[in-house]
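Trainee: I keep running into labels on this structure and I'd like to know what backs them up. Can we go through a few?

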Amino acid sequence: MLETHELGRRPGSMRKVQRTVAAPDELGSGMIGIPAGSDLELDLRLEAVMEGVLVSGSIRGEAVGECVRCLERVVEPVDAPLQELYVYPERADAAAASGDEDEDVRELEGDLVDLEPALRDAVVPALPFRPLCREDCPGLCSECGARLADDLDHAHETIDPRWAALGGLQGTDDEKRES
């Protein structure tokens, strides 16, 4: 929660906020996210406007996840822009009464801004959709699951199953010649 009392209701008044906060739970996707409780650096600007308070700035943190190819740990810096308008409660009520209610409008709670939903909306889309430990990650072997980056010459001798029966005949022919 951010305090907006200093701004009053004077359009044009502004305040900068730089703060380090703990990341909320479940800030990410299944493959990568910012761990709960880790540091998020907020560099924000709060501006009083006619409708309410405009919050803009950036959110920085460190996302941790797994490479989608080899399942190794991935640590990715995140720098997400944020811009959100928090309307005064009476403005939201007036908009609802006139039928112009917008579901995405965020309201001020007294003089407080609840930043967590806007923080989620900014950070989650900024995370990589398919995190990689490195761009040229070769992944895992489809036969044995070995990490291919550890052994660049990793290979398996594979016999086409259509020819496997002939391999058995070759062995019997060699036995007849020896007898």
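Mentor: Sure, and keep in mind that this is a predicted model. Pick a residue to start with.

Trainee: Serine 56, then. Why is serine 56 called buried?

Mentor: Serine 56 has a relative accessible area of 16%. Buried means under 20%, so serine 56 makes the cut. Serine 56 sits in strand 6.

Trainee: Which residues is serine 56 in contact with, leaving aside its neighbours within four places in sequence?

Mentor: Asp43, Leu44, Arg45, Glu47, Leu82 and Gln83. As for the chain, buried residues are 29% of its 179 residues.

Trainee: Leu82 rings a bell. Which residues touch the most other members of the largest nonpolar core?

Mentor: Leu82 is one of them, along with Val55, Ile59 and Leu115, in a core of 32 residues. Strand 4 (32-34), strand 5 (39-48), strand 6 (52-66), strand 7 (73-87) and helix 2 (116-126) each bring in at least two residues of that core.

Trainee: How many helices and strands does the chain have?

Mentor: There are 3 helices and 9 strands, and along the sequence they run β-β-β-β-β-β-β-α-β-β-α-α.

Trainee: Now the charged pairs. What makes glutamate 72 and arginine 147 a salt bridge?

Mentor: Their N to O distance is 3.8 Å. The cut-off is within 4 Å, so the pair qualifies. Glutamate 72 is in the loop between strand 6 and strand 7, while arginine 147 is in the loop between helix 2 and helix 3 (164-178), which puts the two 75 residues apart and links distant parts of the chain.

Trainee: And why do both ends of that pair count as partly exposed?

Mentor: Glutamate 72 comes out at 36% and arginine 147 at 21%. Partly exposed lies between the 20% and 50% limits, so the label fits glutamate 72 and arginine 147.

Trainee: How do you know that glutamate 116 and arginine 120 form a salt bridge?

Mentor: Same kind of check: 2.9 Å from N to O, against a limit of 4 Å. Both residues lie in helix 2, 4 residues apart, about one turn of the helix. Glutamate 116 has 38% relative accessibility and arginine 120 has 25%, so each is partly exposed.

Trainee: What about aspartate 136 and arginine 134: what are their labels, and why?

Mentor: Aspartate 136 has a relative accessible area of 54%; exposed means over 50%, so aspartate 136 is exposed. Arginine 134, at 35%, is partly exposed. Their side chains meet in a salt bridge at 2.6 Å, N to O, and the structure holds 5 salt bridges.

Trainee: Which residues form the nonpolar patch on the surface?

Mentor: Ile159, Trp163, Leu166 and Leu169, with about 470 Å² of accessible area together. Take leucine 166, in helix 3: its relative accessible area is 44%. Patch members need over 30%, so leucine 166 passes that test, yet leucine 166 is called partly exposed because exposed starts over 50%.

Trainee: What does the chain expose in total, and what share of it do carbon and sulfur atoms supply?

Mentor: About 11,800 Å², with 47% from carbon and sulfur atoms.

Technical notes
Residues are numbered from 1 along each chain as its sequence is written. This is a predicted model: local features need pLDDT of at least 70, side-chain atom pairs count only at pLDDT 80 or more; totals for chains, interfaces and linings use all residues. Side-chain values use heavy atoms; hydrogens and water are left out. A nonpolar core is a set of buried Ala, Val, Leu, Ile, Met, Phe, Trp, Tyr and Cys residues joined through side-chain atoms within 4.5 Å. Buried means under 20% relative accessible area, exposed over 50%, partly exposed in between (1.4 Å probe, protein chains only). Accessible areas come from the Shrake-Rupley method with a 1.4 Å probe; for residues, only the protein chains shown count as cover. Patches are made of residues with over 30% relative accessible area and no salt bridge: like charges are joined within 9 Å, nonpolar side chains (Val, Leu, Ile, Met, Phe, Trp, Tyr) within 5 Å. Contact means heavy atoms within 4.5 Å.
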